[in-house]
Amino acid sequence: MSVPAGGREAVEALFTAAYGHRPAAVASAPGRVNLIGEHTDYNGGEVLPIAIAQRTWVAIAPARGHASRAVSRERGEGGEWGSAYTRATGTWWDYVAGALRGAESLGARPHGHDVAVVSDVPMGAGLSSSAALEVATVAAALAMEGLRLARTADDGAIPLRDVALVAHGAECDFVGVACGIMDQFASALCEDGHALHLHCDTAQARSIPFRRGVLIVDTVSPRALLHSAFNTRRAECTAALEILRQFDPALDVLAHATPELLERAALPDPVGKRARHVVAETQRVREFVRHCEAAAGRPGLGSDETREAIGLLLNASHRSLRDDYECSSPELDWVVEHCVARIGIDGARLTGAGWGGCAIVVGDAKVLGEFSHELAETFELSWGRPPRTWLTSPDGGARIER
Ligand code: GLA
């Protein structure tokens, strides 16, 4: 899919208006949705995200003064910070400051940047607007030094994998959110027409052909529980791993537990349910990938059997998130139930952390385009507000625009 020129031009114009000089480099990075493999990344499991069409563009140049500065078209007020700013204070430019600090380890110059940001990645919907900002900032800071980005380490280019790791470090160590590695890897490494099969224990990633329409449905619900509930789930997974290690001391991460081990350990609930989700979900990712690879090169995932198989995996993932991981919401369940058994629709599930946010519906792009109107109308009748919907297909990851 092509990048709307408006993104690059808009960020250059914003930069020049804010600082009175032209940017030295521009880079962009996309938001993401995860096809399958939810709450597995911080458990050392597997995930399968795609980059979406919405992106964040970052323009950058060395600062003319002593401070670093950032302005954003979408986030309102701009910020300024000095070289002693080493911990987040809850501002939107924390993501920029953290990413710039991290980028130094890859060859970016130390403190002193002017930055402008333009984005059409919806914020607060669980589509990784923060990862897109971090990845685009790291890429822009490297582009400014004349460095190239590459999928593999070739003659002096910076591997995109390192960009993802630095961006993830900014989120965890600077901003202070203990998320898994999926979002930054998806934003940095995804390829057009492909999903990214990422092994979160080793951070090894492979592109898997995926040519099917994806309808994103944002339930536009408040996500007040998100951070506390996410941290509680992480703690429950750690507790599950500790108990399982009494039965198998060699177990390194929860996602590597086998169903037999779970049965033998008979973990008490709720940690038993959480572990069951993580282990089964990792298995579902593998099966999903196997089906996509078998269908590679054939339009629409090849055959009815393949589409049905991946649909069943999507629906099973949602049930597991709803019942065992308990991170769904009534609106998300409604969307998924509304989509089952429709011609041209393979399956649906919540995507991202949950507790509100977005669901994805996978199927024939034309069918999904028509279905989205009907879905929006009936959603509004049931919930008293319209959802936001976007029809997407796998797009490309981070790139240097100039
Ligand atoms: C959030 C986190 C991701 C991942 C998902 C759940 O989006 O940022 O790292 O843990 O939740 O799969």
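Trainee: Which helix is Lys 366 found in?

Mentor: Keeping in mind that this is a predicted model, Lys 366 belongs to helix H11, which covers residues 365-383.

Trainee: And is Lys 366 buried or exposed there?

Mentor: Lys 366 has a relative accessible area of 62%, and it counts as exposed because that value is over the 50% cut-off. As for its surroundings, the C-alpha atom of Lys 366 is separated by 8.6 Å from that of Gly 344, a residue 22 positions away along the chain.

Trainee: Switching to the ligand, which residues surround it?

Mentor: The residues around the ligand are Arg 32, Glu 38, His 39, Asp 41, Tyr 42, Cys 179, Gly 180, Met 182, Asp 183, Phe 230, Gly 352 and Ala 353. By character, this shell divides into 5 nonpolar, 3 polar and 4 charged residues.

Trainee: What lies 2.6 Å from an oxygen atom of the ligand?

Mentor: A polar side-chain atom of Asp 41 lies at that distance of 2.6 Å from a ligand oxygen, and a polar side-chain atom of Asp 183 is also placed 2.6 Å from an oxygen atom of the ligand. The backbone takes part in the list too, since a polar backbone atom of Gly 180 is 3.2 Å from a ligand oxygen.

Trainee: How much of the ligand's accessible area does the protein cover?

Mentor: On its own the ligand has 310 Å² of accessible area, and the protein covers 91% of that. The space that the ligand takes up is the largest pocket.

Trainee: New topic, the backbone: which peptide bond is cis?

Mentor: The bond from Asp 269 to Pro 270 is cis, its omega being near 10°. Pro 270 itself sits in the loop that runs between helix H7 (259-265) and helix H8 (271-294).

Trainee: What about phi of Val 220?

Mentor: Phi of Val 220 is near 45°, which is a positive value in a residue other than glycine. Val 220 is located in the loop between strand S11 (213-218) and helix H6 (226-247), and at 36% relative accessibility it is classed as partly exposed, because this figure falls between the 20% and 50% limits.

Trainee: And Trp 355, what is its phi, and is it buried or exposed?

Mentor: Trp 355, again a residue other than glycine, has a positive phi near 55°, and its place is in the loop between strand S12 (345-350) and strand S13 (358-363). Its relative accessible area of 9% is under 20%, so Trp 355 counts as buried.

Conventions
Residues numbered from 1 in each chain as written. Predicted model: local features only at pLDDT ≥ 70, side-chain atom pairs only at ≥ 80, totals over all residues. Heavy atoms only, no water. Near = heavy atom within 4 Å. Polar contact = N/O pair within 3.5 Å; in protein donor to acceptor, adjacent residues only side chain to side chain. Areas by Shrake-Rupley, 256 points an atom, 1.4 Å probe, with all protein chains shown as cover. 1 Å grid on protein atoms, 1.4 Å probe; cavity = no way out; pocket = protein on both sides within 12 Å on 5 of 7 lines; lining within 4 Å. Sits in = over half its atoms within 2 Å of the grid points. Nonpolar A, V, L, I, M, F, W, Y, C, P; charged D, E, K, R; others polar. Helix = DSSP H or I, 4+ residues; strand = E, 2+ residues; numbered from the N terminus. Buried < 20%, exposed > 50% of the residue type's maximum accessible area, 1.4 Å probe, protein only.
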